[in-house]
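Student: I am new to this structure. Could you take me through it and show how each term is earned?

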Amino acid sequence: MSETELVHVLSGEEIAEIEAEIAHLPDRESAAIDALMIVQKHRGWVSDTSLHAIARLLGMSSDALDSIATFYNLIFRQPVGRHVAMVCDSVSCYVMGADGLGKAIQEYLGIAFGGTTDDDRFTLLPIVCLGACDKAPTMMIDDELIENVTAERLGEIFGRFE
Amino acid sequence: MSIMDTKPLLGRVEEVGGFVDLNAYEAGQGYEAARKALTSMSPEEIVSLVKDSNLRGRGGAGFPTGLKWSFVPQGDAAGEGAKYLVCNADEMEPGTFKDRFLLENNPHVLIEGMIIGAYAIQAEKAYIFLRGEYHQPYQRLVEALADATARGFLGGGIFGTDFNLDLRIHSSAGRYICGEETALLNALEGKRAQPRTKPPFPPASGAWGRPTIVNNVETFCNVPGIVRNGVEWYQGLGLTEDAGTKIYGISGRVNRPGLWELPIGTPIRELVERHAGGMREGFELKGILPGGASTDFLVEEHFDLAMDYGTIQAAGSRMGTGTMILMDNSVCPVDMSRNLQHFFAQESCGFCTPCREGLPWVEALLLDIEEGRGQEGDLEVLDRNAQFIGAPGNTFCLHATGAIEPLQSALKYFREDFEEHIRTGKCPYHGRRL
């Protein structure tokens, strides 16, 4: 593939959004994280092909971009399910019983942390403190913060995400 | 006297009963301070005012805000190009939830504080560096920035002056180390968030090599009140030698976990008993992390101390973010230490060896002790590691130093618990957790 063809692995919408970020930055490479997040927003994760295309668009090497992509825990370099469930494992939630809750959630979904359900519905990940410690234990599914989570509520909580 | 005179950050939230939109904010003296600053004060006057107020950084380190601002070169000394003002809204210190509350409920007090700060250092570009997980705060900020821009408080020619401010949100992609201000600047520039060599410090060379000020959300939120009511009023708010109010928070097994804007220097026991409603029935308070995961434990003998910078430091800890995590008698200090070290080991940026290799070693040893595989001599290994990794200067930044604070104090105050684990080959708390 030529450079132009490679870039056009990305959609016109993705390229427009990335260019809009670049427009207010001193150089193209400074948009690296924004660009990765934009593509992930559209595709769920950042594949090797997407990564190469973004790198070309920003005028940087794929290796340099991958060293950035793999540094940040909210950038996914592997496919994830339709929904990403993140369970806080930091200290306030720990004090309020997050360890037991984490085990209950893994049992409920039938997967371990890092796994994706067979029907691709959920990927389960641990996450650091979500900043809602007065309502611990907490978790997040996609963009939604869920507070005061208990093992008894799991059916109701996960049932809302198809 | 209005509630804004005693609670300049959250008084309006209390009055309105939740989210303060632009109209509600303006109805409570909102943007008066920014107008006053830009139309009747010089940048130097504002820097002096903030310096004199004794406002100290609310993100954890407590550095004097006005002094930091005064390091930014002005006029020709600044050279060619932009200066930057950055709000550190990357709230990721475990146990800390105050900035989320401010962003979700009172975004305009932050924006107003940033307008004043930007004018004071003559920066025409500003960023709010926001945690990627903070979706609700993001929505509120987007709305608030649009409203403030529409009213002419942001953009070109603010309040009819020739001062312009382009204020944007940068959504982060994770990692605790972004809270370190030079790591944050690398992340803002789209790079890996590894801390930079200091000096140069950001006020001399920060974002894209230009003079930059980074302040915490709560710090900026203190600025409008200082400009509006003056230094004397601000210093009168504090109960001890520190000035202003502080948003204190409590998480753990209390009756009413939450956060409250109170005079800085409010005693720990008053926070726990009066504001958080005391411990839940059947639980006793055993220790606290006074200001987030990276602060030393305090115990019973400290509970009557005032929560201010100097007092808590003299007791061997740090006020940090002022949001306290309570350890009750059902929580195993060894396992809680393991939880804390797991966090710090995971969040090490990996750049320097003592932090990258030392913290996982400490975590593994704590897991061994917790699970009954502890051996004689393990505590001495932990002590040695704490001394070595924790000493400032042995690691590139202060991440590992912060990590060791709760560990060294746990080894000191809860040593019998550690020894019992090793002696009996099991966790005496096992099964006691509810």
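Student: What share of the contacts in chain A between residues at least 6 apart in sequence join residues at least 24 apart?

Tutor: This is a predicted model. In chain A, the share is 57% of the contacts between residues at least 6 apart. A pair counts as a contact if the C-beta atoms lie within 7 Å.

Student: What percentage of chain A counts as buried, and what makes a residue buried?

Tutor: A residue is buried if 20 or more other C-beta atoms lie within 10 Å of its own. Of the 162 residues of chain A, 40% count as buried.

Student: Which elements make up chain A?

Tutor: Eight helices and four strands. From the N terminus, the order is α-α-α-α-α-β-α-α-β-β-β-α.

Student: How are the strands of the chain A sheet ordered?

Tutor: The open sheet runs β2-β1-β3-β4, with mixed pairing.

Student: Why do β2 and β4 of chain A stand at the edges?

Tutor: β2 (122-127) and β4 (144-146) of chain A each have a single partner strand, so one side of each has no neighbour in the sheet. Neighbouring strands of this sheet are turned by 20° against each other on average, direction ignored.

Student: How do you know that β1 and β3 of chain A pair?

Tutor: Two strands pair if DSSP finds at least two bridges between them. β1 (residues 83-88) and β3 (residues 139-141) of chain A have three bridges, so they pair, in the antiparallel sense. One example is M86(A), whose bridge partner in β3(A) is M140(A). In general, strands of a sheet pair through backbone hydrogen bonds.

Student: Now chain B. Why is α7(B) called roughly perpendicular to α10(B)?

Tutor: Helix α7 (residues 107-121) and helix α10 (residues 217-229) of chain B pack at about 75°, with axes 7 Å apart. Angles from 65 to 115 degrees count as roughly perpendicular. The angle falls in that range, so α7(B) is roughly perpendicular to α10(B).

Student: Which residues meet there, and of what class?

Tutor: Among them, V109(B), L110(B) and M114(B) in α7(B) meet residues of α10(B) including F220(B), C221(B) and V227(B). By class, this contact has ten nonpolar, two polar and one charged residues.

Student: How many residues of chain B are in contact with chain A?

Tutor: 40 residues of chain B are in contact with 33 residues of chain A. On the side of chain B that touches chain A, α14(B) gives the most, with five residues. The residues of that side divide into 17 nonpolar, 13 polar and ten charged.

Key: Residues are numbered from 1 along each chain as its sequence is written. Chains are lettered from A and ligands numbered from 1 in the order in which they are written. This is a predicted model: local features need pLDDT of at least 70, side-chain atom pairs count only at pLDDT 80 or more; totals for chains, interfaces and linings use all residues. Helices (H or I, at least four residues) and strands (E, at least two) are DSSP runs, numbered from the N terminus. A residue is buried if 20 or more other C-beta atoms lie within 10 Å of its own, exposed if 12 or fewer, and partly exposed in between; C-beta atoms are placed from the backbone. Two residues are in contact if their C-beta atoms, placed from the backbone, lie within 7 Å. Axes are lines fitted to C-alpha atoms, for helices over the stretch in contact, and angles run from 0 to 180 degrees between N-to-C directions. Angles under 35 degrees count as roughly parallel, over 145 as roughly antiparallel, 65 to 115 as roughly perpendicular and the rest as oblique. Ala, Val, Leu, Ile, Met, Phe, Trp, Tyr, Cys and Pro count as nonpolar, Asp, Glu, Lys and Arg as charged, and the others, Gly among them, as polar.
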